[in-house]
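Me: I'm new to reading protein structures, and I'd like a close look at one single part of this one. Could you pick apart a helix for me and then show me how the rest fits around it?

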Amino acid sequence: MAAPLAPAAPPAPPAPRAPLAPRRPPAATPPPPPPPSPAAALRRNVEPHRGLPGLIAKRTQTFSLAGPDEAFMGRSRLLLDVVFDRYFRVQGEGWDRLPDVPSLLVGVHAGATLTMDAWMLVYAWWRRFGADRVLHGTAHDVLLALPALGELFRRGGVIPASARSVGAALAAGHDVVVWPGGEKDSMRAWTRRDQVELAGRTGFVRQAIRSGVPLVPVATVGGSDTAPVLFEGGWVARRLGGKRLLRAEMCPVVLGPPFGIALEILPAHIPLPAKIRFELLDPIDVGDDPDRVDDPAHVQQLYTEVERSIQAGVTRLARRRRFPLFG
C-alpha cells in the first residue's frame, strides 16, 4: 500500500512594499541675469560674412560703454592740446544750449577718411566734462576694424554707428554724437563743403524717439579744408566692389600730403592745418510718445528741422572763414 501524501505547506506571506520616495519639489526658476553695466563689453548681432567683410564684422562685434580711457587721455593730453589749440585752432561755442539730460547730438563731418572736425568735437567735450559726462563718438565699422586706428578710437570712447550700440549708450545715461550722412557727408567734394549732407537717413530721429532723448544739432566747418576732396568717386567704388567688401559707396580723390593727389579708400593722408569751428545749436524735443517712431510724417518733420538748423549754423560759421583753406 502506498504511503499517504504530506499536507501542502501554507503559502508564504507577501513581502512588505518598500516605502515610496518623497516627491522632489520642482526646480526653482533661475533668476534673470543682471543687466550689463555701462563698462561691460557688449555684443551686437551681425550678419555672417566670409572673407574681408567677415573679418570686419568680427572685429567690430563687441563694443564697450566704459567711455574714454581716462588714463590714456591723460597721457595723450599734451599732444592733443597742441593739435587742438595750435594745429587746427578749434573754436567751439553753444555749450550753454546743451540740455542737462543725455542727448543725441547730430552733426556733419568732412575730411575724407580722417574727419578731424568730428574728433576735435569729441575731444572738446572731454576737455570740458571729463568723466563727469560721457560722450560716445560713432564710427564706420571699417575704421574700427583697423588695427591701430580702431584701438585709438576705442580708447576715445568711440562705438559702432549702429542702432544697437547707440541705443545701449543712451540707455546707460551717456550722450552720443552721430553723423547720419556717413561717407556721403565726409567725402563730399570740396566745392560742396558748406552744404549739409544727411543723406536722407532718418534713423537718428527714430532712435531719439525710442530712447526719449532730445536731438542736439551741431554745425561744423573746416573739416573739408583738412583734406580737400577733388572727386567723390562713387563710380570708382562701384567698379572696385567697395560696397560689397568695405560697405563703401565712395572712393574719393584727395588733395594732401604725403602723396599730393591720391585715390583714398583707407586713411592715407596727413590732414592740413585748417581752422575748425563748431557750434552746438538749440535742442529739439522729439516728444514723449515712443509709438510715433512709426509715424513717417512726424519723423520727416523732425529730420527736416534738424537739417535746416545745421545748415543755418554752417552758413553762419562759414561767413567767418577768411581764407579758402586755412580759415
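Reply: Sure, let's take helix α8. Its buried residues pack against β4, α6, β8, β9 and α12. Keep in mind that this is a predicted model, so treat everything below as a reading of that prediction.

Which residues of α8 are the buried ones? They are F204, V205, Q207, A208 and I209. Just past the end of the helix, G212 has a positive phi of about 65°.

Let's start with F204. If you skip its neighbours within four places in sequence, F204 is in contact with L104, V106, V178, P180, L198, L215, Y303 and V306. Now look at the largest nonpolar core, which has 34 residues: F204 is among those with the most contacts inside it, along with L104, V205, L215 and V306. Two or more residues of this core come from each of β4 (104-107), α6 (163-171), β8 (175-178), α8 (203-211), β9 (215-221) and α12 (296-318). Helix α12 gives the largest share, eight residues. There's another core too, lying apart from this one, with 33 residues, among them V90, V122, W126 and V177.

Next, Q207, also in helix α8. Is Q207 buried or exposed? Its relative accessible area is 7%, which is under the 20% cut-off, so Q207 counts as buried. Leaving out residues within four places in sequence, Q207 is in contact with L104, A163, V166, G167 and L170. L104 is worth a second look, since F204 is in contact with L104 as well.

Now follow α12, one of the elements that the buried residues of α8 pack against. A318 lies in this helix and is buried, with a relative accessible area of 14%. Not counting residues up to four places away in sequence, A318 touches D194 and V221. A318 and D194 are 124 residues apart along the chain, yet their C-alpha atoms are separated by 7.0 Å.

D194 brings us back towards α8, because it sits in the loop between α7 (182-186) and α8, while R321 is in the segment after α12, 127 residues away. The side chains of D194 and R321 meet in a salt bridge, 3.0 Å from N to O. D194 counts as partly exposed at 22% relative accessibility, whereas R321 counts as buried at 18%.

That salt bridge has company: a search of the whole structure finds 17 of them. One of the others joins D85 and R127, with the closest N and O atoms 3.1 Å apart. D85 lies in helix α2 and R127 in helix α3, so this pair ties together parts that are 42 residues apart in sequence. Both ends are partly exposed, D85 with a relative accessible area of 36% and R127 with 27%. You can also trace a network of salt bridges here, linking R77, D81, D85 and R127.

The helices α2 and α3 are joined by rings as well. The rings of F84 and Y123 have centres 5.7 Å apart and planes at 65°, so they make an edge-to-face pair. F84 is in α2 (residues 70-87) and Y123 in α3 (residues 116-129), so the pair ties together parts that are 39 residues apart in sequence. F84 and Y123 are both buried.

Another edge-to-face pair is W95 with F129, whose ring centres are 6.0 Å apart and whose planes are at 75°. W95 is in the loop between β3 (91-93) and β4, while F129 is in helix α3, 34 residues away. W95 is buried at 15% relative accessible area, but F129 counts as partly exposed at 22%. Ring pairs link W95 and F129 with W125 and F278 into a cluster.

Finally, step back to the whole chain. It has twelve helices and 13 strands, and 49% of its 327 residues count as buried. Among contacts between residues at least 6 apart in sequence, 76% join residues at least 24 apart. Our A318 and D194, 124 residues apart along the chain, are a handy example to find on screen.

Conventions:
Residues are numbered from 1 along each chain as its sequence is written. This is a predicted model: local features need pLDDT of at least 70, side-chain atom pairs count only at pLDDT 80 or more; totals for chains, interfaces and linings use all residues. Side-chain values use heavy atoms; hydrogens and water are left out. A nonpolar core is a set of buried Ala, Val, Leu, Ile, Met, Phe, Trp, Tyr and Cys residues joined through side-chain atoms within 4.5 Å. Buried means under 20% relative accessible area, exposed over 50%, partly exposed in between (1.4 Å probe, protein chains only). Helices (H or I, at least four residues) and strands (E, at least two) are DSSP runs, numbered from the N terminus. Contact means heavy atoms within 4.5 Å. Rings of Phe, Tyr and Trp (its six-membered ring) pair if their centres lie within 6.5 Å; planes under 30 degrees apart count as stacked, over 60 as edge-to-face and the rest as tilted. A salt bridge is a side-chain nitrogen of Lys or Arg within 4 Å of a carboxyl oxygen of Asp or Glu.
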